[in-house]
Every structure is written in C-alpha cells, then in structure tokens.
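Reader: I should be grateful for a close look at a single part of this protein, together with the parts around it. Please explain each technical term where it is needed.

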Amino acid sequence: MSAINNPIVNGNIVPDDSIATLDRPRVLIVGAVPAAKDAIFGSGTTAWLQKAINTSYELASAKEVANLIGTGSTYHRWEAAYNGSNQNVPIDFLLVKNTDADTATTTIEFTATPAADGTLTVDVFDGFKYFANVDFKAGDTVTTLAQAVANQLNNETVRPYTAAAAAGVVTITWVDGFVTDSTPVHVEYKDLTLACTVTHTSTPPTQPTSDLFDIIGDTRYTHILWPDYYKNTVQFAYSLLDDRFNAFNEVISGLAFTSITIADTVAAETETSTYNTKSISFVAARKIDGLFGASIGSDKKQLPDTSLAFIATAHARMLTEGADLTDLGFIAEGLDDYTGGTALASFPMHNISVPNTKPSNPAWYFDHTTQNILADRLNISTYGTNRTGTNTISGNFVTMWKTDSAGNTNLTFKQVESLFTAMAIREYWDRSARIKFANTRMTNGELISGRSMVNEQMVREWNLIVYRELADLALVTSGADAEKAFLRLLTITFSPQNQQITQTGTYEMVTHVGRIDYTIKTVFNYKD
C-alpha cells in the first residue's frame, strides 16, 4: 500500500517561453551525370537525392559521391559546395538524365614548333588541380609537345576528363558527354613560332522539363545551384521560387544562382534583358575565346559554376546559426560577424574568398567600368581576382529584380543581401507569431491574468518587441526614432468574431556599404 502523503501536492513543469528559430539553410545542386551513372534514374529521367531532413551530402566522402554520380562537372560543383558548407549546410542533388548521349571533346592542336627553349602551361577545367607545365626545347616536334601535355593532364586520379595525344593533337574527352562554352582551357607560352588552337566540340545535354521540381514537394531550398548548361530552361528555377516567395501559410522562399559566360556587356544584355525576378542571380564570367593566345571558355581558370557553388554555399553557411566563418576571408570589425546566424542576412556577400583557385592574368577579367555596368545597369553579379591578384573573391551580388508589378524601377530586392534580409525579417516574424498565438484567445476587452489572451493593444506591444529583436539582429533600424516610425505605420485590424488579426507593418531594413565616394583637398598650411 502507498504511504499517507497529505496534503496532496501535484507539480508539473512547463517550458520557458520559446524564442523564434529560423529554418536551417539548405542547398540544392541541379545537374547531369555521366551516362555510366544512369542507373541512378531507374525507369525515370530525374533523381532527387536527399539523405535526411537535417543532414545530407555535406557529410559524404568524396569517394562516396564519386561512386554515386561520377566525376563530371556535377561532382566538382558538389566538391566546391562541400568546402563552402564546411559541413554546416545540408546539400542535396536534383539530377536530370542526359538522353542526348554524345562524345564531347576539346582539342589542343599544335600547328608549329618552338623557335627557342621555353615553358608551355595548360590549365583545364580547374587550373589549380588540372594543369600541365611543359619545358620545351627549340625544335621540339608537335608530337612531343602534345604527348607531354597529355601525360601531365592525366596525373590527377579524379578527373572530369581523359586526355590522349596523337600527331600533335591533345584530345580531352569529357566524362559528362558534353562540354560547355564556359569550360576554361587556357594554353600560355612565349615563343615566336610555337602555335596551337583550342576547340570545344559538343552537343548540349538534355534540358529539364517543367515538372522538374515536382519531386521535391515543399522542401525548402534557400540556395539552388543551377548549371550554365541549363540556361535555356532557367525559368523553371526562378518560377519555382517566385511562386514560393509569398506562399500561403509557408515560408519556403530562396534564391537560385547560375553563371553566365559572355564576351561583353552587349552579350550580357542580350541574354538577360527579358528577366525581371528577385529569385535568380546571374554571375558573370568573361568569355575570352581567342583573345589571349590559345585559350577558350571563361577568363577564370576554374569552371564558373564551380566557383559559384562555393560562394553560394558559403553564403548559406553565413546564415547558419553558430557556423564558423573565419575561413571565408572577409574582414569584419564586429567579432560576432565571424559566427553564422540570422544577423548575417544583412552582411555584405562580397569579398568571400574562394580557396584553391589559380587566378588568371588580371588583364583577362572585366575591367571596373564593365563590372559596374554589369551590376548597376544589367543586374548581373560579378566575381574575380582580388586587388593583389592572389585569390578569387566574390564581387557585387545582385538579383534580376528591376521593376515592380507596375513597371516602376524598384531596388528593394536588387541586392542579394536585401533580399535575404527581407526574407529573414518575414521568417522571424512568422516564427514568432506562431509561438505567440499558437493557443491564444482574442478579446476586445481587458486581458485576464493567468490566461492566454490577446487584445489589439497587446498585439501592438508584441509587434514592438519583435521589432526590437530584429533590431538586435542588425536586420532593421534600431533606436527610439525608428520604433516611433514603426508604430506610427503599423496598422492592425482586430476581429474576434472572425478569429482573425490582419496587420501591415513597415520595416526599415539595414543595408550594407557598397560604395564610398570621397574628396580630399590637400594644403600646405591649415591657416592659409
């Protein structure tokens, strides 16, 4: 029998008030795989690879991913995204079967022999990993040169190609079955008679269909990596995210990133002028076919989609609560900005350093005037070498948002940082509201102590609390004047009979320093 235990005391523990937490950023890599890996599609033409809700291929080994999807360009984009994530951001795949099977090649054809001793440098796909440095002698035959180049290009074990030489021609065969105009192959030498030509030969891969994203359901991807070889169907990516931007009862918005390799601003405008969306960022590389000796593809020595995969996933890491950002190379005076989280939504995306790259000759890149035209007038993002020419870094990242629905010029969502700041404000408010009003009564009268109830005044006061929390996160303007303006512009319709609260709030976002104009006057004596 139980012991007598009076008075009867029954104790329960309830949780402390919850605080709002935002969704963990998630990256989706869209792309194709070599035909040898087509078993991954079964009887279908697409494959969505996700390990789990909280973790995925950011924790996989290189061997596992190579065995799964091959060693084509999608593998190398994953490798860059893996480094950008630093195992903090889940990475999934959405793969499209390439039914237009073809043999894609790049040829380096030597057409004349050298007149003097020298060195020949060849960078393929990613010059940091795949390159040849061949010392030649005056009069070396084209056959000798080609064989030496092919031998060195085959040194790495995990390659997106195989290289072979015959009769003075190096033939690079791509494992994907296709090669794009942006794929860099740079041949550099200094000799009066040595000559060669570089040529890509390929059929474009099968393009996705409009139902591509049906398979992912409501899974939220904050960052979608769209390859340049799907540029003809890029609308599927931004249409998905446009539809999700203000989805009913959900926060599932995000941004797609894709590279574009163009010769000049005229070509850039031709390819992008019809786009007007906040849901995609085009990132430009310069096409240098024939401009600087025997080179083809991007001005960068790394495939643009690969560099972009690192930059975009590094940005996703910046938004991940508690992530270490000290390796990303940017300079912040505030020490808190070296740890990821919601507050980093308003932090500049420029100056992210891409590791393990081999910068090209600075003369190959777009000059500052062109970069400004691309970003300011054409809404195209940039990246390139730093001022000292030692690292590849991100530049000004913008979206294709140009005008509002009425056709008026509008800058609200142009900067990537502004877009993510707006999304963070909305998501933080959404999560806070779900916590505050989860099980709450509405009344036009007084609140009763000890009961979960709200009236219009309480809702107004709660909005101010959330505003201050957003200000503490460096997302909205802080201070008494800003709070007064916020409350003045806040409208609330309180309708107990309909069980509905309708409100409109105006939030002054924090932005970032992108340009400084200054004038300095020098004198010999301040008294003059």
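Author: The account below takes helix 8 as its part and then turns to other places for comparison.

The model is predicted: local features need pLDDT of at least 70 and side-chain atom pairs pLDDT 80 or more, while totals for chains, interfaces and linings use all residues. Numbering runs from 1 along each chain as its sequence is written, and side-chain values use heavy atoms, without hydrogens and water.

Helix 8 spans residues 416-436. (Helices, H or I of at least four residues, and strands, E of at least two, are DSSP runs numbered from the N terminus.) One place where helix 8 appears is the cover over helix 4, at residues 235-245. In helix 4, the residues Phe-236, Ala-237, Tyr-238, Leu-240, Leu-241, Arg-244 and Phe-245 are buried. (Buried means under 20% relative accessible area, exposed over 50%, partly exposed in between, with a 1.4 Å probe and protein chains only.) Helix 8 is among the elements that cover these buried residues, as are strand 11 (223-225), strand 12 (255-262) and strand 13 (280-286); contact here means heavy atoms within 4.5 Å.

Those three strands have a setting of their own. Strands 11, 12 and 13 follow one another in an open sheet of 9 strands, ordered 2-3-1-11-12-13-16-17-15, with mixed pairing. (Two strands pair if DSSP finds at least two bridges between them.) Strand 2 (46-49) and strand 15 (353-354) stand at the edges with a single partner strand each, so one side of each has no neighbour in the sheet. Further along the order, strand 1 (residues 27-31) and strand 3 (residues 91-96) pair in the parallel sense over 5 bridges. Within that pairing, Gly-31 stands opposite Leu-95 in strand 3.

Charged side chains give a second view of helix 8. Which residue does Arg-220 meet in a salt bridge? Its partner is Glu-427, with 2.9 Å from N to O. (A salt bridge is a side-chain nitrogen of Lys or Arg within 4 Å of a carboxyl oxygen of Asp or Glu.) This pair links distant parts of the chain: Glu-427 belongs to helix 8, whereas Arg-220 lies in the loop between strand 10 (195-201) and strand 11, and 207 residues separate the two. Are the two partners buried or exposed? Arg-220 counts as buried because its relative accessible area is 12%, and Glu-427 likewise because its value is 4%. The pair also takes part in a network of salt bridges that links Asp-23, Arg-220, Glu-427, Asp-430, Arg-431 and Arg-434.

The count of salt bridges in the model is 19, and two others serve for comparison. One joins the side chains of Asp-117 and Lys-137 at 4.0 Å, N to O. Asp-117 sits in the loop between strand 4 (105-112) and strand 5 (118-124) and Lys-137 in the loop between strand 6 (131-136) and helix 3 (142-153), so the pair ties together parts 20 residues apart in sequence. Lys-137 counts as exposed because its relative accessibility is 51%. The other bridge joins Arg-515 and Asp-517 at 3.1 Å, N to O, and both of these residues are exposed.

Open space gives a third view. The second largest pocket holds about 900 Å³ of space. (On a 1 Å grid over the protein atoms alone, a pocket is an open set of points with protein on both sides within 12 Å along at least five of seven lines, and lining residues have an atom within 4 Å of a point; points join across faces, edges and corners, and volume is the space filled by probe spheres set on them.) Of its 22 lining residues, those nearest the centre are Arg-426, Trp-429, Asp-430, Ala-433 and Gln-503. Asp-430 thus recurs, having appeared in the salt-bridge network. Helix 8 gives the most to this lining, with 7 residues, and strand 21 (500-504) supplies at least two.

The largest pocket, of about 1,300 Å³, has a lining of 32 residues, with Asn-351, His-368, Gln-371, Gly-395 and Asn-396 closest to its centre. Helix 7 (368-377), strand 16 (381-385) and strand 17 (392-394) are the elements that give two or more residues to this lining. The largest share, 6 residues, comes from helix 7.

Methods
On a 1 Å grid over the protein atoms alone, a cavity is a set of points where a 1.4 Å probe fits but cannot get out, and a pocket is an open set with protein on both sides within 12 Å along at least five of seven lines; lining residues have an atom within 4 Å of a point.
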